[in-house]
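Subject: A structure for you to look at

Hi there,

Here is the structure I promised to pass on, with my notes underneath. Have it open while you read, and start wherever you like.

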Amino acid sequence: MEHIVTVQDAVTAFASFMEPTDAELDAIEREAPLIKAELELLDVQIALLDRPASPLGERRLRRAANKVLAERATLANRATSGEAA
């Protein structure tokens, strides 16, 4: 005879201890501008996949990439200076 056992992870998948901590939520909030810039860059890259590169498309791609780099630099400077937000 086989015993039927529930999978503990499935039963407690939404337990309160598995929620993000306040520190993790703050980190996500600090990184939100970078995440947004990376999504914009991805949107431009996807839009340029199925068409030939035009001067306007190249400019959009450069602007989006520069925005990502600027947000990364800002985030790195905050981390280096010890600034919380």
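Let me begin with a kink: helix H2 bends by about 50° at Glu-31, and within four residues a proline, Pro-33, follows. Please keep in mind throughout that this is a predicted model.

Pro-33 itself sits in helix H2. With a relative accessibility of 37%, Pro-33 falls in the partly exposed class, because that class runs from 20% to 50%. Pro-33 also has a partner far along the chain: Arg-72 is 39 residues away in sequence, yet the two C-alpha atoms are 9.2 Å apart in space. The residue at the bend can be placed in a similar way. Glu-31 and Thr-74 are separated by 43 residues in sequence and by 10.0 Å from C-alpha to C-alpha. Thr-74 belongs to helix H3 and is partly exposed, at 35% relative accessibility.

**The overall picture**

The protein chain has 3 helices and 0 strands, which reads as α-α-α along the sequence. Of its 85 residues, 9% count as buried. The accessible surface comes to about 7300 Å², and carbon and sulfur atoms account for 59% of that.

**The two helices, end to end**

How does the span of H2 compare with what 1.5 Å a residue should give? The 26 residues of H2 should cover 38 Å, and the end C-alpha atoms are 36 Å apart, so the two values agree. H3 passes the check as well: 38 Å lies between its end C-alpha atoms, against 39 Å expected for 27 residues. Just past the end of H3, Gly-82 adopts a positive phi of about 80°.

**What is packed inside**

Which residues of H2 are buried? They are Leu-34, Ala-37, Leu-41 and Val-44, and H3 is among the elements that cover them. On the other side, Gly-57, Ala-64 and Val-68 are buried in H3, where the cover includes H2.

Most of those names come back in the largest nonpolar core, which has 6 residues: Leu-34, Ala-37, Leu-41, Val-44, Ala-64 and Val-68. Both H2 and H3 supply at least two residues of this core, and H2 gives the largest share, with 4 residues. For a closer look at how the helices meet, try Ala-64: leaving aside residues up to four places away in sequence, Ala-64 touches Glu-40, Leu-41 and Val-44.

**Charged pairs**

Side chains of opposite charge can pair when their charged atoms come close. How many salt bridges does a search of the whole structure find? The search returns 3.

One of them joins the side chains of Glu-38 and Arg-72, at 3.3 Å from N to O. This pair links distant parts of the chain, since Glu-38 is in helix H2 (residues 22–47) and Arg-72 is in helix H3 (residues 55–81), 34 residues apart. Glu-38 is partly exposed at 32% relative accessibility, and Arg-72 is partly exposed at 45%. Arg-72 is also the residue whose C-alpha atom is 9.2 Å from that of Pro-33.

Another salt bridge brings together the side chains of Glu-40 and Lys-67, at 3.1 Å from N to O. Glu-40 lies in helix H2 and Lys-67 in helix H3, so this pair ties together parts that are 27 residues apart in sequence. Glu-40 has a relative accessible area of 27%, which makes it partly exposed, and Lys-67 is partly exposed at 36%. Glu-40 is also one of the residues that Ala-64 touches.

The remaining pair is Asp-50 with Arg-51, whose side chains meet at 3.9 Å, N to O. The cut-off for a salt bridge is 4 Å, so this pair is counted. Are these two residues buried or exposed? Asp-50 is exposed, at 64% relative accessibility, whereas Arg-51 is partly exposed at 46%.

**Where to look**

If you have time for a single view, look along H2 and H3 together: the core takes at least two residues from each, and Glu-38 in H2 pairs with Arg-72 in H3.

Enjoy the structure, and do write back with your thoughts.

Best wishes

Note on methods:
Residues are numbered from 1 along each chain as its sequence is written. This is a predicted model: local features need pLDDT of at least 70, side-chain atom pairs count only at pLDDT 80 or more; totals for chains, interfaces and linings use all residues. Side-chain values use heavy atoms; hydrogens and water are left out. Buried means under 20% relative accessible area, exposed over 50%, partly exposed in between (1.4 Å probe, protein chains only). The expected span of a helix is 1.5 Å times one less than its number of residues. Contact means heavy atoms within 4.5 Å. The bend at a residue is the angle between axes fitted to the seven residues ending there and the seven starting there. Accessible areas come from the Shrake-Rupley method with a 1.4 Å probe; for residues, only the protein chains shown count as cover. A nonpolar core is a set of buried Ala, Val, Leu, Ile, Met, Phe, Trp, Tyr and Cys residues joined through side-chain atoms within 4.5 Å.
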